[in-house]
Amino acid sequence: MSIIPESAPMHPDSSKAFHSLRAVDVQDYYKSCINQFYQCIYDLLNLNDTSDLEDESESNIPTYLHYEVLDPIVRSTCESYLKLLTQMKQSKQLTDDTARVKKEYKLLSDQCETFTLDTWDKYVSKELTAPKLSELFNDRSQLNNPNTQTANALPTIELEKDKLLRVLPYLWQNPANVIPDEVIRGAPINQSNTDDDLKIEGGVIELTCPITCKTYRRPMISKKCGHVFDEQGIKSYLETQGERDCPQAACSQKVKLSDFSLDKIMILRCKINKIKQLRVKEDNDKLNQELDIL
Ligand SMILES: [Zn+2]
């Protein structure tokens, strides 16, 4: 029989070591990864330059914006981004779990009878028991609990950058797709990126400005009501009066120019739309050529 107790309460002198025990917080590292993902998509789709959106012809689309080239890159980026968010969430969970379990362990340990030569035998015979940190962690940690994994949403970070990357698979499938609310709030962690699994809401988003009736060039979104107009259109609408009713039908929100900011999601929609239009045109050209040969 063993003469060493299987468990013993924490010794007061070890509290310093105990406090230093924590899961390293790597959230900042993940945030820098999100920045890199964002920059990658931003550069890849040339989101900085919207001059090609206005032009109705396809001739000035750079060759690197061809759908066939972009499709595998965009898809794998979306997939990797989802993995990153999953890992980010797990890492956060580990940090939280560690802090929580430590607190509980300390409480339980403090309630134990002091570990001395007098109580030694009682701890050996398990007449007295003390909590074990590793067992407590395995028991209490939500990290491996499938229920909490699926029930909780992915973390929301960086807002605009994260949002753009999160909606990308939906818009890549169809730039006029309405984005489900839960995707913007944080999609379930087991959400797959394959087209079949994307849950699409009904309706379509118009990719033309309701004022100018033209494709967006610099789409501006109202922070008050979320309605989007081209910069040129909303500027001329608000030219005579600084503040007016929102020009969107059935929206009576008073808006002024400072309520609007550049809508990067709409730019993304329009860019993808342009890329897809070009693809359709190329396919048609190819078909026509084939027909000519026949
Ligand atoms: Zn409005």
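A residue is taken as buried when its relative accessible area is under 20%. In this predicted model, Cys 33 has a relative accessibility of 14% and therefore counts as buried. Two further cysteines meet the criterion: Cys 246, at 4% relative accessibility, and Cys 251, with a relative accessible area of 13%. No disulfides are present in the structure.

Cys 246 and Cys 251 both take part in binding a zinc ion through their SG atoms. The other protein donors are Cys 225, also through SG, and His 227, through ND1. These donors lie 2.0 to 2.4 Å from the ion. Along the chain, the zinc donors follow the spacing C-x1-H-x18-C-x4-C. The angles among the four donor atoms run from 104 to 115°, and the site is tetrahedral. For reference, the ideal angle for four tetrahedral donors is 109.5 degrees.

Away from the cysteines, Leu 45 was examined. Leu 45 is placed in the loop that joins α2 (27-44) to α3 (51-54). The relative accessibility of Leu 45 is 0%, so this residue counts as buried. When neighbours within four places in sequence are left aside, the contacts of Leu 45 comprise Leu 65, Leu 70, Val 74, Leu 168, Trp 172, Leu 268, Lys 271 and Ile 275. For one of these partners, Leu 70, the separation from Leu 45 is 25 residues in sequence, and the C-alpha to C-alpha distance is 8.4 Å.

Notes
Residues numbered from 1 in each chain as written. Predicted model: local features only at pLDDT ≥ 70, side-chain atom pairs only at ≥ 80, totals over all residues. Heavy atoms only, no water. Disulfide = S-S within 2.5 Å. Buried < 20%, exposed > 50% of the residue type's maximum accessible area, 1.4 Å probe, protein only. Donors = N, O, S within 2.8 Å, 3.2 Å for Na, K, Ca; no water. Tetrahedral: all angles 85-135°; square planar, octahedral: opposite > 155°, others 65-115°. Helix = DSSP H or I, 4+ residues; strand = E, 2+ residues; numbered from the N terminus. Contact = heavy atoms within 4.5 Å.
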